[in-house]
Amino acid sequence: RALASLPRVDFGGAARHTYAAHPSSSYPAMPVAESQPPVKSINAAEWGSIQDVVNAPLIDVPADASWLSVAGMWLTLPISLIQGVIGGLCSSVFVCMSIGTCCIPCSEQLCSAMGSVMQGHPCYLAWTWWRYVIGGLVALIANGKSRLALFTWEWKSFGSATYWWHGEGIWMWSYKDCDRILKSQQVRKSAFGCVAACIPDLFATNVLIFLSNDGPDSDWAAVRNALHNMFLNPEGYAYRERISKLQSLVANDWKDPKFHQLNDSALLQRNVAKCIMYVMFGEWLGDTDANTLAGWRTNATAFILPRLVQRFAFNFLISKVKKLRIDTVGIIEKLNLQQTFIDMNNSLPSRWQRSTVVKLCDEIMYVIGFAGIGGTSAAVESVASFLQVKIPAEAPKKSIDFGEYKTADKMKAAFAEDPDAYIRETCRLDPPVTSATGVLKEITEVSLAGRDFTFQPGLLNQYVISMANRDPVLFSSPEKFDPGRINLHRALTWNGAFGAADEADYPRICPGRCLSMDITKVVINHVLGTSAPLNAYFGDGVPPTAC
């Protein structure tokens, strides 16, 4: 188990299982644990307490999200509700609530969400957020609970131009702009969905998505490299061996699959969680632990809400995510996997080592859960819906044209013909990650709803992958499902052009993109009875896909 004794590419060692012969099946039996050397004693002070991590003092709570503001929102709820409903249904009113209007003097500064942000979120402007968050929720519901549909509605509300305002910053959508940002060194801060993130209770403080990729000596570079070398290195023997066994493990665990089970989201999520934990840690989980980790998918709604809304709901969703984080680390402790994170923390430059190892464990498991399990589950669910010629639950209802693939049989045939292209095109139309938050690095002049504004560095800036993937400048008939697109590798689904000739130019491209693709194929292969080859496994002379 000691990583230090292994070659660097053999991260984590070989799978810690042997496979017993099964007399009545071509699949290997469920893994049987090999005898292991005694687990190294873990120093409690060095490891730390996950309870202390998630219950640490709150960071950067603005005045307009204080409990005083929450009380004011409850007391004036009828007034805010009326304004919010009107704003969420009427685009011109929504724009006014967002950035003010030239028809009302000083409304930009004193009557808008933008004005509150520009003035540092003072408590006396909290009322602008009370109505604004209600308006945003109403608009989301009115647009079928689809984030892409909401983004498109807001973009059109602001004049269908380059930028619009949402939350605490400006948003951009074109492929050209998104591609430019994705190829750059991004400055980040603790923000998600273009609003300040709730840390350290909802989000881990130094989770990778909050760190700036500002050079090879940065915290981001150190942690990302450690994450890659420990868990996602396709050149490592353990990684390849585990990938090669996924199909048989799923088959042993999920007997007699039926096509209609593609509608069972909990079943799909459970298998995704098991696959990810097996590839990364060599442990095939039981249903109870896998269901726990599936919470990273089922609690997705909690992550997008700002602290004002979380407190308005008496921190109900934050409490669920805190428990999820505690339970996730608890699984690591139950499986005696702490040494992996101790070694990982020791491998970091001294200035980036965490004060307690459990803090690093929480940050890494947050990424594995949030992006790995949550994102891959979303991809599997989308592919499952497309195979049944159904619009996924979170996709815009009128923005997907299945083209020539109008039946399940045609969909199955398309998947069997080219599984990679099928998954890529599905996720182009319904990407697991719709957008990401950075900040402006320089003074930027933008036009919002026909008015010109100048914003200073540090303002939140959201790039919208789901809209860039439908930019007609690059993708003809962008709403049409066409797995035969010749430029499909240009889609930015995995935070960069996965598989394109210039893939290496995207520093923040998803480090687990190959694993996500492979697990999606494993699950769908099992249901359809297909045998699509896996990208990340070196076999039959197929060159590895760089990850």
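This briefing describes salt bridges, a four-stranded sheet with its helices, and a hairpin.

The structure is a predicted model, in which local features require pLDDT of at least 70 and side-chain atom pairs count only at pLDDT 80 or more, while totals for chains, interfaces and linings use all residues. Residues are numbered from 1 along each chain as its sequence is written, and side-chain values use heavy atoms, with hydrogens and water left out. Helices (H or I, at least four residues) and strands (E, at least two) are DSSP runs numbered from the N terminus.

**Salt bridges**

- The model contains 25 salt bridges, each defined as a side-chain nitrogen of Lys or Arg within 4 Å of a carboxyl oxygen of Asp or Glu.
- Side chains of opposite charge can pair when their charged atoms come close.
- Lysine 274 and aspartate 287 form one such bridge, with the closest N and O atoms 2.5 Å apart. This pair links distant parts of the chain, since lysine 274 belongs to helix 13 (residues 265-281) and aspartate 287 to helix 14 (residues 287-293), 13 residues apart.
- Accessibility is classed by relative accessible area: buried is under 20%, exposed is over 50%, and partly exposed lies in between (1.4 Å probe, protein chains only). Lysine 274 is buried at 1%, whereas aspartate 287 is partly exposed at 40%.
- Lysine 323 forms a salt bridge with aspartate 327, the closest N and O atoms being 2.7 Å apart. Because they lie four residues apart in helix 18 (residues 316-334), lysine 323 and aspartate 327 are separated by about one helical turn.
- In that pair, lysine 323 is exposed at 52% relative accessibility, and aspartate 327 is partly exposed at 28%.
- Glutamate 363 bridges to arginine 354, with 2.9 Å between the closest N and O atoms. Glutamate 363 is buried at 3% relative accessible area, and arginine 354 is buried at 8%.
- Arg147, Arg297, Glu381 and Glu394 are joined into one network by salt bridges that share partners.

**The four-stranded sheet**

- Four strands, in the order 3-4-10-7, make up an open sheet with mixed pairing; two strands are taken to pair if DSSP finds at least two bridges between them.
- Strand 3 (163-166) and strand 7 (435-439) stand at the edges with a single partner strand each, so one side of each has no neighbour in the sheet.
- From one strand to the next, the twist averages 30°.
- Strand 7 runs antiparallel to strand 10 (residues 460-464), and five bridges join them. Valine 439 has leucine 460 in strand 10 as its bridge partner.

**Helices across the sheet**

- Helix 9 (residues 147-157) lies across strand 3, strand 4 (169-172), strand 7 and strand 10, at about 115° to strand 3. Contact means heavy atoms within 4.5 Å. Axes are lines fitted to C-alpha atoms, for helices over the stretch in contact, and angles run from 0 to 180 degrees between N-to-C directions.
- Helix 10 (residues 175-182) lies across strand 4 and strand 10, running at about 115° to strand 10.

**The hairpin of strands 8 and 9**

- Strand 8 (residues 444-448) pairs with strand 9 in the antiparallel sense over five bridges, and serine 447 stands opposite aspartate 452 in strand 9.
- Two residues lie between the strands of this hairpin, where alanine 449 takes a positive phi near 55°.
- Side chains alternate along strand 9 (residues 451-455): Arg451, Phe453 and Phe455 point to one face and are buried, while Asp452 and Thr454 point to the other and are not.
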